[in-house]
Amino acid sequence: MGAQWKAKGKELAANARGRAFGKLSKDIMVAARSGADPAANARLRLLVEQARKVSMPKDTLDRAIKKGAGLTGEAVNFEHVIYEGFAPHRVPLMVECLTDNVNRTAPEMRVLFRKGQLGTSGSVAWDFDHVGMIEAEPANKDADAELAAIEAGAQDFEPGEDEGSTLFLTDPADLDLVSRALPAQGFTVLSAKLGYKAKNPIDPASLSAEQLEEVEAFLAAIDANDDVQNIFAGLGG
C-alpha cells in the first residue's frame with residue numbers, strides 16, 4: 001500500500017472494472033497527444049500493453065488512441081492535478097487526478113477530504129519519492145527478481161500487489177528502458193507508470209482494526225471519484 005493503494009477485490013466488480021477501463025482510457029488519450037503510433041511513443045506503448053493484459057476491448061482502446069491523437073475531431077483537454085493531504089489517523093497520501101474541469105474537481109476533493117486533511121502543494125510531497133513503478137510477474141520458475149533488477153537497471157524491488165508479482169522501482173527517466181529490459185530477465189511486465197512511494201510509511205500494526213477500516217473507507221471514497229487516476233498512500237504492508 002505504500003506504493004499504490006488499490007481497493008480490495010475491486011477487480012471482481014463489474015462497475016469497478018468499467019471504472020478501471022475509464023481511467024486507463026484517460027491515460028491512453030493523454031499519452032496519444034504525442035502521437036498515435038505506439039512504436040514511436042514509449043508511454044503509449046506501455047499503456048497499450050497494459051490495456052491488452054487487462055482485456056480492454058479493442059474498440060475502446062482504438063477509440064481512446066484516436067481521440068487523444070485528435071483524429072476524431074473531438075477535443076481532449078485533461079489537466080493533470082495532484083492533491084496532497086492526510087487520510088484519517090495521519091496517513092499521508094498523494095491523489096493523482098486527470099480532469100477536464102478543475103473547478104469541479106477541487107471542491108469535490110475538499111468534500112472527500114473532510115474526514116482527513118487536505119494539504120497545500122508540497123505539504124506532503126516531501127515525504128514521497130517520485131519513481132517509476134513496474135509491476136511484473138516471473139515468466140518462468142527460474143526468474144530471480146534481485147538479479148533482474150540489477151541487470152535491467154531498476155533501483156529497487158519489492159513484492160507486488162498481486163500474489164507472486166514483483167514491483168520494480170526505477171528512476172522516472174528509466175521507466176521505459178527498464179520495462180523493455182525485464183522480459184529478457186524472465187519477467188512479464190503487467191503495468192508500468194510513474195508514481196509516488198512514501199519515504200516513511202506508517203506501520204499498519206500501529207493502527208487498530210477499526211482505524212484501518214476508517215482509512216480503507218476514506219481511500220475507497222476518493223477512488224470512486226471519476227477524476228481520480230491513482231492514490232499513493234503512506235501506509236506500509
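This passage describes the nonpolar cores, helix H7 and selected salt bridges of a predicted model. Local features require pLDDT of at least 70 and side-chain atom pairs pLDDT 80 or more, while totals for chains, interfaces and linings use all residues. Residues are numbered from 1 along each chain as its sequence is written, and side-chain values use heavy atoms, without hydrogens and water.

The largest nonpolar core (buried Ala, Val, Leu, Ile, Met, Phe, Trp, Tyr and Cys residues joined through side-chain atoms within 4.5 Å) has 20 residues, of which Val91, Leu93, Val95 and Ile222 touch the most other members. At least two residues of this core come from each of strands S1 (79-87), S2 (91-99) and S8 (228-233) and helices H4 (102-112) and H7 (209-223); helices (H or I, at least four residues) and strands (E, at least two) are DSSP runs, numbered from the N terminus. A second, separate core of 17 residues includes Phe21 and Leu98.

In H7, Val215, Glu216, Phe218, Leu219, Ile222 and Asp223 are buried (under 20% relative accessible area; exposed, over 50%; partly exposed, in between; 1.4 Å probe, protein chains only). These residues lie on the same side of H7, because they cover an arc of only 160 degrees around the axis (taken from the directions from the helix axis to the C-beta atoms). Ala209, Glu210 and Glu213, on the other side of H7, are exposed.

Asp223 forms a salt bridge (side-chain nitrogen of Lys or Arg within 4 Å of a carboxyl oxygen of Asp or Glu) with Lys23, at 2.9 Å between the closest N and O atoms. Asp223 lies in H7 and Lys23 in helix H1 (residues 14-32), so the pair ties together parts 200 residues apart in sequence. Lys23 is buried, at 13% relative accessible area.
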